[in-house]
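Please keep the viewer open and follow the selections in the order given here. Each stop says what to select and then what is there.

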Amino acid sequence: REPTPSEQMRLTELKISDSIRSKWPYEQGLIDDDVHVRTAALLAAVWSRQPWVLSQCRVVADLPNEQQLSELLLLAILGDETDVSTFQELANSDRLAAPRLRYLGIFGHPGIVPSLLESMHSEDAETAHFAGRAFRQITGVDINSPRTETITDADGGSKELVLPDADVAVA
């Protein structure tokens, strides 16, 4: 079947058309409207060691959105030191909500610690919280403070966040 205009736009957006032959078995999954199908296609490509997956994740990471979190996760897992600047930009970006900082912890490179230290000083409790968690994941140092803040989540429920002690992290 011919791709719909929406699917064709997704193909262009993800730059799949450049190397469609190597991605052929995964093409339909990568352009599907369902994020779960796209994630499954990416994971299948990773499991079968497709060489294009990492560069696909890097392309998406340049302009990430809520529908492409799987690519960010895979980049955090599969990436290397050449991706430090991408994750530094993600730390300082407003494109995604504060949980974006969890990908920095998964990435685990010490080169992003300065960005995390800066984010821990944020007035936004979620940003400070997730930066502290990522810092602890990378360094193993527990920097939780006794301070907490309760926020309202998207479902209308409340969640208590433990805030980091940024001064302990610097010491």
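Is Phe 107 buried or exposed? Phe 107 is buried, with a relative accessible area of 11%, where buried means under 20% relative accessible area, exposed over 50% and partly exposed in between, calculated with a 1.4 Å probe on protein chains only. Before going further, note that this is a predicted model, in which local features need pLDDT of at least 70 and side-chain atom pairs count only at pLDDT 80 or more, while totals for chains, interfaces and linings use all residues. Residues are numbered from 1 along each chain as its sequence is written, and side-chain values use heavy atoms, with hydrogens and water left out.

**Aromatic rings**

Keep Phe 107 selected and add Phe 87, which is also buried, at a relative accessible area of 1%. Aromatic pairs are rings of Phe, Tyr and Trp (its six-membered ring) with centres within 6.5 Å, counted as stacked when the planes are under 30 degrees apart, edge-to-face when over 60 and tilted for the rest. A search of the whole structure finds two aromatic pairs. In one of them, the ring centres of Phe 87 and Phe 107 lie 4.3 Å apart with their planes at 20 degrees, so this pair is stacked. Phe 87 belongs to helix H7 (residues 84-92) and Phe 107 to helix H8 (residues 102-107), so the pair ties together parts that are 20 residues apart in sequence. Helices (H or I, at least four residues) and strands (E, at least two) are DSSP runs, numbered from the N terminus.

**Charged side chains**

Next, select Arg 58, which is partly exposed, with a relative accessible area of 27%. A salt bridge requires a side-chain nitrogen of Lys or Arg within 4 Å of a carboxyl oxygen of Asp or Glu, and a search of the whole structure finds two. Add Asp 80, whose salt bridge with Arg 58 has its closest N and O atoms 3.5 Å apart; Asp 80 sits in the loop between helix H6 (69-78) and H7, and Arg 58 in helix H5 (residues 53-62), 22 residues apart. Then add Asp 83, which meets Arg 58 in a salt bridge at 2.7 Å, N to O. Asp 83 is buried at 2% relative accessibility, whereas Asp 80, at 31%, counts as partly exposed. Through shared partners, salt bridges join Arg 58, Asp 80 and Asp 83 into one network.

**The hairpin**

Finally, select strands S1 (residues 144-152) and S2 (residues 158-164), which run antiparallel and are joined by six bridges, pairing of strands being assigned if DSSP finds at least two bridges between them. Ile 151 has Lys 159 in S2 as its bridge partner. Five residues separate the strands of this hairpin, and in the turn Gly 156 has a positive phi of about 90 degrees.
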